[in-house]
Structure formats: C-alpha cells, structure tokens
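Me: I have a structure open and would like to talk it through. May I put some short questions to you?

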Amino acid sequence: MSFIKIMAGLSVCSLGLASSAAFSADFNMRLSHGDNENNPTHHAAVKFQELVEEYSDGRIGVEIYPSNQLGDEQEVAQSMRMGTIESAIVYTGNLVPLAPSAGVLMLPYAFTSSEQAWAAMDALQEPLNERISSEAGVRAVGLLEKGFRVLTTAEPVRTLDDLQGQKIRVSPNKVAIETFKAWGIDPIPMAWAEVFSALQQGVIDGQENPYTTAISSNFYEVQDYLTEIHYMMWTGPLLVSERFYQGLPEDLQEAVDRAGVEAANYERELSAQLTEEAKNELVELGMELLGPPEDEAEWQEKARANWPDFYEDIGGEEWALEAQEIIAEAVNN
Ligand code: MLT
C-alpha cells in the first residue's frame, strides 16, 4: 500500500467512521448521509459497510460520514457525478433537482403502505438506474424507505384550516413545494442541515419527516404536535458514483450490488419496527399524536390534482406514465 493511500485513509478517517478493513483495501468508498447515528439511514450505512467489505474480501473499504459532514445532500450528489465522493444515501426529494426521474417515487399519495413502496421500488430500480445514471452520474444499488413523512408543528394541525398561516419547511423540490401550495400555504424550502436550528429559533413552525427522524433529530424538544399526513413516504436511494462503479472490476461491482440490495432490505424492516417504537416514545417525550387530518380526503384530492403538473420536473410525461404502470403492476402482484 502506498504512503499516499495511507495518508488519504488517515486524513478522511479523522472525520469518517472507517472499519479496520478500510486501511488495507484496494478501493475506498466514502459514504455520506445527512442523518445522525441514531437514524435508520445510519444503520443502513453500517450494514452496507459490513457487507461490502465482506463480499469484496476486504478489497473495498467503506468510510461512513454521517450528519452532512461532507456537505448537504445536494452538494454530495453533485460531487458523486465527478466521482469525488463515491457513495451516499440521499432522500429522494433532495436528489430530484439533479436526477429528476427519481421523482416518480414522490407523487403524493402514490403509496398507501410500506409494502407497496417496497414492491414498487424493487420493480423501478433497474429502469430508474438507466435514467439517473445519465441525469446525474449515479446509480442506486439499493432503495431505502422509512415510512410516511409526518408533519410536526408547534400548534395542532387537525384540518387544512389549521395549516393556514403555518411556516412549514420542505425539502427543496417542486413536488413538495407545490403540494403544500395546493394546501394553501407557501412552504419554506430549506437544506436539511438547517432544520433543527430553524425550528428552535422560530424561523419555521413545523417540518415533515418520518417518525424515526422526529426521535433521532430531537424534534420533540421543539415541536408539540404530530399530524399523520400520509402524503409521501421517505424513500431514498443508496447511491454509488457511476464513475467509481465503472472503475471497479466486475466481481467487485457484483459485491457492491449485492451489498446494496441487502442493506436496503435490512433498513426497510428495521425502519418499520423503529417507526412503531417511535410512536410510543414520542408520546412519552411529550408530543401529542393527532393521527390523520380530519379532512384527509380534501388533502388528498388537492394534492393528487397536481400530478400532471409535476411530470415535466420528474423526467417527463412519458417516463412518469411508464413508471406509474410499473408501480401499479408491482403493487397489484
Ligand atoms: C429532508 O427532509 O431533507 C430529508 O428527509 C432528511 C433526511 O435525509 O433524513
């Protein structure tokens, strides 16, 4: 192993979480994500690290960088196109501005359960990869899911009327922004890394993310209410830079592919379990869980009416309709 390689390993390791295998590996993968070490995203990253190192017989070492240490999710996705960051787990909503076709996973109310989302994601992974590889120079080796995004607020939101006037942060993508506009408010697009302090300082009144994130990001400290808006699941690809992937020998590409699928399956099951636990914990921590909005049918109707307006921003009408067919077939099987 060269001196330069040792030094590179040491300098990144001062920030990232490397296993001992990373130091003797032929290839290094930095794996970035935006959540802290208590979130299911991080558990998936650790599982991927273990499996890649096992299936590659230690020839690939993985260093994990949680909590946006390498930049926010959109910056990281841009670096992956250049191959300067090898891999990342990114919320689909934060990837869409760079890889629009991934937005088919975000159509409001497209899924009614995690199981539906899993079937759809498995069926979409290959056609999606063809598209995001040319759009953003990345491929998804696994697709993660963390349950529905739920709304946390300082004031109770039981109806659309209650939502009016609230300053709600959304991930910076058109589907989320336009959906909240359809519900009558101008949401505030903001990078994920800024959300907790914005809530704490009252810059925003609420945000939407999965139950498990309300725990791992301590939102219960600054939010009192939670409304189960079932509008979208948290889905997120485990991405590998196409440039890095194409530079691997075929047997190592297979090791990465296999590890990606298995890490995603592990995370999906774990998230389902942690979501149920989070509901009880949030109540114990003082939050009031309000359940679905009383007028949920109206939320659905307004959000669904926007679908055709999103097509242009999620890869075009042809792809959006093709993806809907793939999703419908997967969900009905
Ligand atoms: C977001 O709201 O930006 C994401 O859901 C955060 C995350 O990746 O967990």
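Me: Which domains supply the shell around the ligand?
Reply: In this predicted model, domain 1 (3-145 + 235-273) and domain 2 (150-231 + 281-332) each contribute at least three residues to that shell.

Me: Which residues are they?
Reply: The residues around the ligand are Asp35, Glu73, Tyr91, Asn94, Lys146, Arg149, Arg169, Ser171, Trp192, Asn209 and Trp234.

Me: How many of the shell residues are nonpolar, polar or charged?
Reply: Five residues of the shell are charged, three are polar and three are nonpolar.

Me: What lies 2.8 Å from an oxygen atom of the ligand?
Reply: That is a polar side-chain atom of glutamate 73.

Me: And where does arginine 149 come in?
Reply: An N or O atom in the side chain of arginine 149 is 2.9 Å from an oxygen atom of the ligand. For asparagine 209, a side-chain N or O atom is 2.6 Å from an oxygen atom of the ligand.

Me: How much of the ligand does the protein bury?
Reply: The protein buries 100% of the 270 Å² that the ligand exposes when taken alone.

Me: Where does the ligand sit, then?
Reply: The ligand occupies the largest cavity.

Me: Back to the domains. How far apart are the C-alpha centres of domain 1 and domain 2?
Reply: The two centres are separated by 24 Å.

Me: How many residues of each domain are in contact with the other?
Reply: Contact between the domains involves 34 residues of domain 1 and 33 residues of domain 2.

Key:
Residues numbered from 1 in each chain as written. Predicted model: local features only at pLDDT ≥ 70, side-chain atom pairs only at ≥ 80, totals over all residues. Heavy atoms only, no water. Near = heavy atom within 4 Å. Polar contact = N/O pair within 3.5 Å; in protein donor to acceptor, adjacent residues only side chain to side chain. Areas by Shrake-Rupley, 256 points an atom, 1.4 Å probe, with all protein chains shown as cover. 1 Å grid on protein atoms, 1.4 Å probe; cavity = no way out; pocket = protein on both sides within 12 Å on 5 of 7 lines; lining within 4 Å. Sits in = over half its atoms within 2 Å of the grid points. Nonpolar A, V, L, I, M, F, W, Y, C, P; charged D, E, K, R; others polar. Domains from an automatic or database assignment. Contact = heavy atoms within 4.5 Å.
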